[in-house]
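Good morning, and thank you for coming. Today I shall walk through one structure, beginning with its strands and ending with its charged pairs.

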Amino acid sequence: MSGNEEPRVLGFLCNWCAYAGADLAGVSRLQLPANFCVIRTMCSARTEPLFLFKALLGGMDGVLVAGCHPGDCHYQRGNYFTRRRLVMVQEILKALNMEHERVRLHWISASECSLYQKVLTEFIEDLKGMERNVARDEVFL
Ligand code: FES
């Protein structure tokens, strides 16, 4: 990413785990990137592929989906569906010649605030190494 621009990242966080982990990170006063917007979902499976494409086309540089660890989903198999969908989305991004690493999936429990911080920080660092999302210019000019 050129200059001093910070990548913009959107996160879809499951209410029961990753969102609670994000909340704990805030309460614990962990240093977190400011350029990250959160949408709370009741399960990671609520994150439809269309949401991810719309976020990228809307100018987000990256999208993080975070849910409960396998076996811990409150809706039993929701996160397994999420995992399959994310693989499909990444394959479509590759076919479109876009960096599939712009969309990521992580399992983060409610107590893993340090992991939340690490995942977010590393994601934003990786995005800084990529070209900026061209959709960003078209949306915000
Ligand atoms: S309830 Fe958290 S991933 Fe399904």
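**Strands, core and salt bridges**

Let us begin with one pair of residues: leucine 64 has arginine 104 as its bridge partner in β4. Please keep in mind that this is a predicted model. The pair belongs to a longer arrangement, in which β3 and strand β4, residues 103-107, run parallel and are joined over 5 bridges. Between these strands the chain passes from β3 through α3 to β4, and this β-α-β crossover is right-handed.

β3 also has β1 as a partner, again in the parallel sense, with 5 bridges joining them. Within that pairing, leucine 13 stands opposite alanine 66 of β3.

Is β3 buried or exposed on its two faces? Both faces are covered: Gly62, Leu64 and Ala66 are buried on one side, and Val63, Val65 and Gly67 are buried on the other. Because 6 of the 6 residues of β3 are buried, this strand is largely enclosed by the rest of the structure.

I turn now to the nonpolar cores. As general background, nonpolar side chains in soluble globular proteins tend to be buried together. Here the largest nonpolar core has 20 residues, and among those with the most contacts inside it are Val9, Leu13, Phe36, Leu64 and Tyr116. Two or more residues come from each of β1 (9-14), α1 (18-27), β3 (62-67) and α4 (113-128). The element that gives the most is α4, with 7 residues.

Phenylalanine 36 offers a useful view of this core. Leaving aside residues up to four places away in sequence, phenylalanine 36 touches Val9, Leu10, Gly11, Leu64, Tyr116 and Leu120. There is also a second, separate core of 13 residues, which includes Phe12, Ala55, Leu56 and Val65.

Let us next consider α1. Which residues of α1 are buried? They are Ala18, Gly21, Ala22 and Ala25. Viewed down the axis of α1, these buried residues fall within an arc of 100 degrees, so they line one face of the helix. The elements that cover them include β1, β3 and α4. After α1 comes arginine 29, whose phi is positive, near 60 degrees.

Finally, the charged pairs. How many salt bridges does a search of the whole structure find? The search finds 7.

Glutamate 91 forms one with lysine 94, and their closest N and O atoms are 3.1 Å apart. The two residues are 3 residues apart in helix α3, residues 78-95, and are therefore separated by about one helical turn. Glutamate 91 is partly exposed, with a relative accessible area of 43%, and lysine 94 is partly exposed at 39%.

Lysine 118 and glutamate 122 form another, with closest N and O atoms 3.5 Å apart. They lie 4 residues apart in helix α4, so about one helical turn separates them. The general principle is that an α-helix has 3.6 residues a turn, so residues three or four places apart point the same way.

Glutamate 99 and arginine 102 also form a salt bridge, the closest N and O atoms being 2.9 Å apart. In this pair, glutamate 99 is partly exposed at 27% relative accessibility, whereas arginine 102 is buried, with a relative accessible area of 2%.

To complete the picture, Glu6, Glu125 and Lys128 are linked in a network of salt bridges. Thank you for your attention.

How values were computed. Residues are numbered from 1 along each chain as its sequence is written. This is a predicted model: local features need pLDDT of at least 70, side-chain atom pairs count only at pLDDT 80 or more; totals for chains, interfaces and linings use all residues. Side-chain values use heavy atoms; hydrogens and water are left out. A nonpolar core is a set of buried Ala, Val, Leu, Ile, Met, Phe, Trp, Tyr and Cys residues joined through side-chain atoms within 4.5 Å. Buried means under 20% relative accessible area, exposed over 50%, partly exposed in between (1.4 Å probe, protein chains only). Contact means heavy atoms within 4.5 Å. The arc is that of the directions from the helix axis to the C-beta atoms. A salt bridge is a side-chain nitrogen of Lys or Arg within 4 Å of a carboxyl oxygen of Asp or Glu. Two strands pair if DSSP finds at least two bridges between them. A crossover is right-handed if, with the strands pointing away from the viewer, the path from the first strand over the helix to the second runs clockwise.
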